[in-house]
Amino acid sequence: MNQLHKCVKCSTYTLEDKECPKCGGKVGDPTPPKYSPEDKYGKYRRKAKKKARIHSK
Ligand SMILES: [Zn+2]
């Protein structure tokens, strides 16, 4: 696989998927998701709970 990875230490882009060839640091996904969809649904769930409480009163 020619997936680009990015070193978390020196921010070097590399094709290595285990460690950075420059500094030996860990490499990771160059574009990590800023928020998880799970969190989004969690918000909706919390809202739904609030609504349910109001209705149960
Ligand atoms: Zn590095």
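Colleague: How many helices and strands does the protein chain have?

Modeller: This is a predicted model. In it, the protein chain has 1 helix and 3 strands.

Colleague: Which pattern does the protein chain follow along the sequence?

Modeller: Reading along the sequence, one meets the pattern β-β-β-α.

Colleague: In what order do the strands stand in the sheet?

Modeller: The order in a sheet is read from the pairing of strands. Here the 3 strands form an open sheet in the order β2-β1-β3, and the pairing is antiparallel. The edge strands are β2, residues 13-14, and β3, residues 27-28, each of which pairs on one side only.

Colleague: How many bridges join β1 to β3?

Modeller: Strand β1 covers residues 5-7 and is joined to β3 by 2 bridges, the two strands running antiparallel. Within this pairing, K6 stands opposite G28 of β3.

Colleague: Which residue has a positive phi although it is not a glycine?

Modeller: That residue is S11, with a phi of about 60°. S11 is placed in the loop between β1 and β2.

Colleague: Is S11 buried or exposed, and why?

Modeller: One counts the other C-beta atoms within 10 Å, and a residue is exposed if there are 12 or fewer. S11 is exposed because 11 other C-beta atoms lie within 10 Å.

Colleague: What share of the residues of the protein chain count as buried?

Modeller: Of its 57 residues, 5% count as buried.

Colleague: What share of the contacts between residues at least 6 apart in sequence join residues at least 24 apart?

Modeller: In the protein chain, 7% of those contacts do.

Notes: Residues numbered from 1 in each chain as written. Predicted model: local features only at pLDDT ≥ 70, side-chain atom pairs only at ≥ 80, totals over all residues. Pairing = 2+ DSSP bridges. Helix = DSSP H or I, 4+ residues; strand = E, 2+ residues; numbered from the N terminus. Buried ≥ 20, exposed ≤ 12 C-beta atoms within 10 Å, placed from the backbone. Contact = placed C-beta atoms within 7 Å.
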